[in-house]
Amino acid sequence: MSKTHWVALTTAARVGGKTITRLLEHFGTLEAVFEAVPDELMQVPHVGRQTANAIARIDLGAVEADLEGMTQRGIQVLTWEDAAFPANLLRCEDAPPVLFVRGALLPCDARAVAVVGTRTPSPSSIELASRLAFELASRGWTIVSGLAVGIDRAAHQGALMSGGRTLAVLGSGLERLYPPQHAHLAQDIEGRGAVLSELHPGVTVSPQNLIARNRITSGLSRAVIVVQSGQDSGSVSTARRAWGQGRKVLAVTGGDTGCDTLLQAGAEAIHPDQIEWDALAESLASC
């Protein structure tokens, strides 16, 4: 099946992974999906008239031209069928069918841990996030975060300072980078990992997209570390996604109300003044 069909369904018709799976089960191939008329498409469970019509209206030639332009601009497109699609993420039932990537995803990125937290951290939390990322990246862990200001930025920078790898998961398209002031940081990350999104490169950021990307951050990782977080925050959402995906969650003691809630719910505690780095790395390896 060509990437054109995958991208057409996910971007033009906004069809998710579960629906694509149902379409494949019914029609056998994505090519056959595009040969079907709306009434045939609607025989697939949960495919309504609106989705069927959206699929029928897709201009595959335009999508193919769009893909060629992405390739020329250095954007790689990965689908479930590609060997380079992240193994950890592929095992998640809510994995996105398509990823748009700048940089390179490597097999070693299966040994990944997310370091996330608030956009308004204390100086001590910034220092801790950077140190966590530095020490873990130095021990062969890929650091995953969301390119946001605050804890995310500190985590990416810590990994880069160690000479290790880091992945940034966006809540926008690659060509609508958010926040825009992190453009230089994103370029540095591309050289030592990857910047990626499930969204078409031209899609702008939205609250819904930021929330949706949390499952990718956790899905790429074998564990999630929350450094500092408020009660109803994106990092708490990421941690809950991680639990749902069977991942380990760790939270810093004294890391604000969100961390307290996660610790009460069963997250493993990280005591900032008692971290034994080799022991922490080994405990993550057992995830």
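Contact here means heavy atoms within 4.5 Å, and that is the sense in which helix H12 (residues 234-244) lies across strands S3, S7 and S8 (248-252). Please keep in mind that this is a predicted model. At its heart for this briefing is an open sheet of nine strands with mixed pairing. Below you will find the sheet, the helices that pack on it or on each other, and a handful of residues worth a look in your viewer.

**The sheet**

- The strand order of this open sheet is S1-S2-S6-S5-S4-S3-S7-S8-S9.
- Strand S1 (76-79) and strand S9 (268-270) stand at the edges; each has a single partner strand, so one side of each is left without a neighbour in the sheet.
- From one strand to the next, the twist averages 25 degrees.
- S1 pairs with strand S2 (residues 98-103) in the antiparallel sense, over four bridges.
- Within that pairing, Thr79 has Val98 of S2 as its bridge partner.

**Helices on the sheet**

- Helix H11 (residues 207-219) packs on the sheet and touches five strands by name: S3 (112-116), S4 (142-145), S5 (166-169), S6 (193-197) and S7 (223-226).
- The direction of H11 makes about 160 degrees with that of S5.
- H12 runs at about 155 degrees to S7.

**Helix against helix**

- Two packed helices are described by the angle between their axes and the distance between the axes.
- For helix H9 (residues 151-162) and helix H10 (residues 183-191), the axes come within 11 Å and cross at roughly 40 degrees.
- That angle makes H9 oblique to H10, and the crossing in which H9 passes H10 is left-handed.
- On the H9 side, Arg153, His156, Gln157 and Leu160 meet Leu185, Asp188 and Ile189 of H10.
- H12 and helix H13 (residues 256-264) pack with their axes 10 Å apart, at an angle of about 20 degrees.
- Angles under 35 degrees count as roughly parallel, so H12 is roughly parallel to H13.
- The crossing of H12 and H13 is right-handed.
- Val236, Ala239, Arg240 and Trp243 of H12 make this contact with Gly258, Thr261 and Leu262 of H13.

**Gln228 and Asn209, two buried polar residues to inspect**

- Gln228 sits in the loop between S7 and H12.
- With a relative accessible area of 11%, Gln228 is buried, because buried means under 20%.
- The side chains of Gln228 and Ser125 are joined by a polar contact of 2.6 Å.
- Leaving aside neighbours within four places in sequence, the residues in contact with Gln228 include Val116, Gly117, Thr118, Thr120, Pro121 and Ser122. Ser235, Gly255, Asp256 and Cys259 are also among them.
- Asn209 lies in helix H11 and counts as buried at 19% relative accessibility.
- With neighbours within four places in sequence left aside, Asn209 is in contact with Gly171, Leu199, Val203 and Thr204.

**Asp82, by the start of the sheet order**

- Asp82 is in the loop between S1 and helix H7 (87-90).
- Its relative accessible area is 21%, so Asp82 is partly exposed.
- The side chain of Asp82 reaches the backbone nitrogen of Thr79 at 2.7 Å.
- Not counting residues up to four places away in sequence, Asp82 touches Lys3 and Val77.
- From C-alpha to C-alpha, Asp82 and Leu284 are 27 Å apart in space, and they are 202 residues apart in sequence.

**Backbone points to check before setting up a calculation**

- The peptide bond from Tyr178 to Pro179 is cis, with omega near -5 degrees.
- Pro179 has its place in the loop between S5 and H10.
- His46, in the loop between helix H4 (38-41) and helix H5 (49-56), has phi near 70 degrees, a positive value in a residue other than glycine.
- At 67% relative accessibility, His46 counts as exposed.
- Asp256 also has a positive phi, near 85 degrees.
- Asp256 is found in helix H13 and is partly exposed, with a relative accessible area of 38%.

Terms used. Residues numbered from 1 in each chain as written. Predicted model: local features only at pLDDT ≥ 70, side-chain atom pairs only at ≥ 80, totals over all residues. Heavy atoms only, no water. Pairing = 2+ DSSP bridges. Axes fitted to C-alpha atoms, helices over the stretch in contact; angles between N-to-C directions. Buried < 20%, exposed > 50% of the residue type's maximum accessible area, 1.4 Å probe, protein only. Polar contact = N/O pair within 3.5 Å; in protein donor to acceptor, adjacent residues only side chain to side chain. Parallel < 35°, antiparallel > 145°, perpendicular 65-115°, else oblique. Left-handed = near helix turned anticlockwise from the far one by under 90°.
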